[in-house]
Amino acid sequence: MVSGNHDSAERLAFGARLMNARGIFLSQAYEGQVEKIGFEDAHGPVTIHLLPFIRPSAVRHALSEEAESITDYQTALEAVVRHMEIFREERNVLLAHQFVTGAMCCESEEVTVGGLDNVDASVFDAFDYVALGHIHSPQSVGRPQVRYCGTPLKYSFSEAAQEKSLTVVELEEKGNVQIRTLPLKPLRDMRRIKGTYMEVTDRSFYEGTNCEDYIQVTLTDEEDVPDGLQKLRTIYPNIMRLEYDNCRTRGNTGLEETGEIEKKSELELFSEFYEKQNNQPMSAIQEAFIRKMIEEMKE
């Protein structure tokens, strides 16, 4: 196991020696060396390298003689790999937790503005297989042998369309790596549904589906459904989000300058505000109601 960007490597590594005796290997904080675990099978030795999530500052501290050349995540990782003991004629596996350039991410992941924490997949060329953490979507980056297994569960609705899986890697002789995936089916999936209130509550719409899934409902009704979330929960008890897709939400809700405000009446100002918020003018009934309210307030 290796620590990630949300973990404390020092805390996780506490007691690592005790766990090693039970066959559980945990990376220490990076201090200039990357731990490695050796195994052997019918095809010879296999070395698994444990690289925790690292930041350039940690590498500059550990490799002080090269500090000036370590300016970003790319140069930091290059320096780390350069100082690793890798027997290239043997099989090498790397466990790492970094953001590799080109990986597809989703809204539940922490992304650095401008991609400052990106590293190129070529930095891992010395390894037969690279098991990556950090990105929730299962995918390979650069080459099939550099792979994010992804998370076992969905953590936001941006992951709703993903098929979660377990990555199984078989290392045969040097240069022969077999990769396959096993689908993971959760007790409750995370899904998006869309339609009018009458459509999504019609039995024919939800019959045959797991109504206890974690649901995001997007209603296309022009008028908000009073107490809609609670009403929908009678069918979808684990609904997590209710949104609307209509003229009001699709319109530009940004408010522009009203111009000469002093010359406009309260009704004119409110009418402009309402139209910008809802992308449609008030009805005659609404206008009469607002006019009456303004008159009562003035009295």
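How many bridges join β1 to strand β2, and in which sense do the two strands run? Seven bridges join β1 to β2, a strand made of residues 44-50, and the two run antiparallel. Within this pairing, I37 stands opposite I48 in β2. The model described here is a predicted one, and the account below moves from its sheet to its core, then to a hairpin and the surface beside it, and lastly to its salt bridges.

**The open sheet**

The pair of β1 and β2 belongs to an open sheet of six strands, whose order is β1-β2-β3-β6-β8-β7 and whose pairing is mixed. At the edges stand β1 (35-41) and β7 (139-141), and because each has a single partner strand, one side of each is left without a neighbour in the sheet. From one strand to the next, the twist averages 25°. When looking at any such sheet, it helps to remember that in a regular strand the side chains alternate between the two faces of the sheet.

**The nonpolar core**

The largest nonpolar core has 33 residues, and those with the most contacts inside it are V59, F124 and F127. The elements that give two or more residues to this core are the helix α4 (73-82) and the strands β3 (91-97), β4 (99-100), β6 (129-133) and β8. Of these, α4 gives the most, with six residues.

**A hairpin and a surface patch**

Strand β9, which covers residues 165-171, pairs with β10 in the antiparallel sense over seven bridges. One point of contact can be followed residue by residue, since L171 has V177 in β10 as its bridge partner. Five residues lie between the strands of this hairpin, and G175 takes a positive phi near 90° there.

L166, L182 and L184 together make a nonpolar surface patch of about 220 Å². Of these residues, L184 lies in the loop between β10 (177-183) and β11 (190-195). Is L184 buried, partly exposed or exposed? Its relative accessibility is 30%, and it therefore counts as partly exposed.

**Salt bridges**

A search of the whole structure finds 15 salt bridges, and three of them are set out in the table, with the distance between the closest N and O atoms.

| Salt bridge | Closest N and O atoms |
|---|---|
| K185 and E163 | 3.5 Å |
| R191 and D213 | 2.7 Å |
| E243 and R241 | 3.7 Å |

K185 forms its salt bridge with E163. Because K185 lies in the loop between β10 and β11, and E163 in the loop between β8 (143-148) and β9, the pair ties together parts that are 22 residues apart in sequence. K185 is exposed, with a relative accessible area of 64%, and E163 is exposed too, with a relative accessible area of 56%.

In the second pair, R191 forms a salt bridge with D213. R191 lies in strand β11, while D213 lies in the loop between α6 (203-206) and β12 (214-219), so this pair ties together parts that are 22 residues apart in sequence. R191 is partly exposed, at a relative accessible area of 21%, whereas D213 is buried, at 5%.

The third pair in the table joins E243 to R241. E243 is partly exposed, with a relative accessible area of 32%, and R241 is likewise partly exposed, with a relative accessible area of 30%.

Definitions and conventions: Residues are numbered from 1 along each chain as its sequence is written. This is a predicted model: local features need pLDDT of at least 70, side-chain atom pairs count only at pLDDT 80 or more; totals for chains, interfaces and linings use all residues. Side-chain values use heavy atoms; hydrogens and water are left out. Patches are made of residues with over 30% relative accessible area and no salt bridge: like charges are joined within 9 Å, nonpolar side chains (Val, Leu, Ile, Met, Phe, Trp, Tyr) within 5 Å. Accessible areas come from the Shrake-Rupley method with a 1.4 Å probe; for residues, only the protein chains shown count as cover. A salt bridge is a side-chain nitrogen of Lys or Arg within 4 Å of a carboxyl oxygen of Asp or Glu. Helices (H or I, at least four residues) and strands (E, at least two) are DSSP runs, numbered from the N terminus. Buried means under 20% relative accessible area, exposed over 50%, partly exposed in between (1.4 Å probe, protein chains only). Two strands pair if DSSP finds at least two bridges between them. Axes are lines fitted to C-alpha atoms, for helices over the stretch in contact, and angles run from 0 to 180 degrees between N-to-C directions. A nonpolar core is a set of buried Ala, Val, Leu, Ile, Met, Phe, Trp, Tyr and Cys residues joined through side-chain atoms within 4.5 Å.
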